[in-house]
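Student: I am new to this structure and would like a close look at a single part of it. Please take one pair of packed helices and the loop that joins them, then add what helps to place them.

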Amino acid sequence: MTEEQLSSYHPPLPPTTEEDRFSWLRLLRSRKVGPATFRRLLREHGSAQNALAALPEMARAAGIERYEICPPGVIETELRAAKAAKARLLCLGAADYPEALHDISDAPPMLWAIGDPSILKSQAIAMVGARNCSSLGARMARALAADLGKQDFIVVSGLARGIDTSAHLAALATGTVAVMAGGVDVIYPAENADLARVIAESGLRLSEQPMGTTPQARHFPRRNRIISGLAQAVIVVEAAAKSGSLITARDALDQGRDVLAVPGHPFDARAAGCNLLIRDGATLIRSAEDVIDALPKQQAEYTIQQEPPAGQATTEPDSIPRTLHEAILTRLGPSPIAEDQLIRDIAATAGDIGPVLVDLELDGKIQRQPGGLLSLCV
């Protein structure tokens, strides 16, 4: 991996002072600065303050006249709104930032959070589906969320009507995270105000949008990548053939997450998206047990190296059990995933997995992609 790829893949050093956080917010809220541009500017200029100073000249060089960076007053207003809502800022690279988001290419540099961010340290499953879901779909979402909660998973969803609402309600007792398309202090739909309040008390609400932002149509696809990025797998319970839930499924595949789908009747348009996903390779699930079976196996099933009993001669000292080779080949597919994600999925260490990856690459079984991504050779 080149130095440029490494620097773009690893998160920047998080801000350590209030002034730094203020500058990060101001840079991120400036026109034409998204997550990728934000990280590039920090990489090139060393700090948000330096990047802010360089932005106007960079804009002029790009042909953008009268460019102005985000005024300080806008950030001051946002910070006051956050204080009033008891929201806290989670910054990329900081200890309280969701670890699962570190390995997605367009991770939000900053997230507003209301609730308990420590819930993000638990295993998470995302659940999405139709807003106008059927009663059977709602029942399925509730059953999956409740049963997964009993297995110590938290449930991530988008606080929308239908499947999202059913999943959040069933997971309140065991832990749920609502990722919001607008500001973390703006409840949409309004009918979920009580649910949002309870989630803030017992779980977590998250948003990358500025405080007070009313959600717009363009915000929802961006929100979806955070839902999938936070989770080990995404379950689609009901979805039309063209729906936001399928956008979340595509995001999950791009991020190396597993996509699982509940099948439905061929005549039900609300199940068309799920049936298409299953046709195209998503795992069919009927229960929480199916979900758990579909997840990558835990560390106990992949013995990396064991000390031989006293007095027993070892085999080749540098040999590595074939189980690890098989675990890697089973986890990888044609769609690239990050090496860090692969390490987490099979519960190996970088020291153990490194030589095996070299072996498999030399054997022509896997290939490295730009950005430190891995895939099977096809």
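Tutor: What follows describes one helix pair, its connecting loop, and a few residues elsewhere. The model is predicted, so local features are used only at pLDDT of at least 70 and side-chain atom pairs only at pLDDT 80 or more, while totals for chains, interfaces and linings use all residues. Residues are numbered from 1 along each chain as its sequence is written, and side-chain values use heavy atoms, with hydrogens and water left out.

Two packed helices are described by the angle between their axes and the distance between the axes. Here the pair is helix α2, residues 18–28, and helix α3, residues 35–45. Helices are DSSP runs of H or I with at least four residues, strands are runs of E with at least two, and both are numbered from the N terminus. The axes of α2 and α3 come within 10 Å and cross at roughly 130°. Such axes are lines fitted to C-alpha atoms, for helices over the stretch in contact, and the angles run from 0 to 180 degrees between N-to-C directions. Angles under 35 degrees count as roughly parallel, over 145 as roughly antiparallel, 65 to 115 as roughly perpendicular and the rest as oblique; α2 and α3 are therefore oblique to each other.

In the contact itself, W24, L27 and L28 of α2 meet F38, L41 and L42 of α3, where contact means heavy atoms within 4.5 Å. By class, this contact of α2 with α3 has six nonpolar residues, with no polar and no charged ones. Nonpolar here covers Ala, Val, Leu, Ile, Met, Phe, Trp, Tyr, Cys and Pro; Asp, Glu, Lys and Arg are charged, and the others, Gly among them, are polar.

The loop between α2 and α3 holds K32. Most residues other than glycine have a negative phi, and most peptide bonds are trans. K32 is not a glycine, yet its phi is positive, at about 65°. K32 is exposed, with a relative accessible area of 58%; exposed means over 50%, buried under 20%, and partly exposed in between, with a 1.4 Å probe and protein chains only.

Elsewhere, R66 also has a positive phi, about 55°, although it is not a glycine. R66 lies in the loop between α4 (48–61) and α5 (72–85) and is exposed at 76% relative accessibility. The peptide bond from Y188 to P189 is cis, with omega near 0°, and P189 sits in the loop between β5 (176–179) and α8 (193–202).
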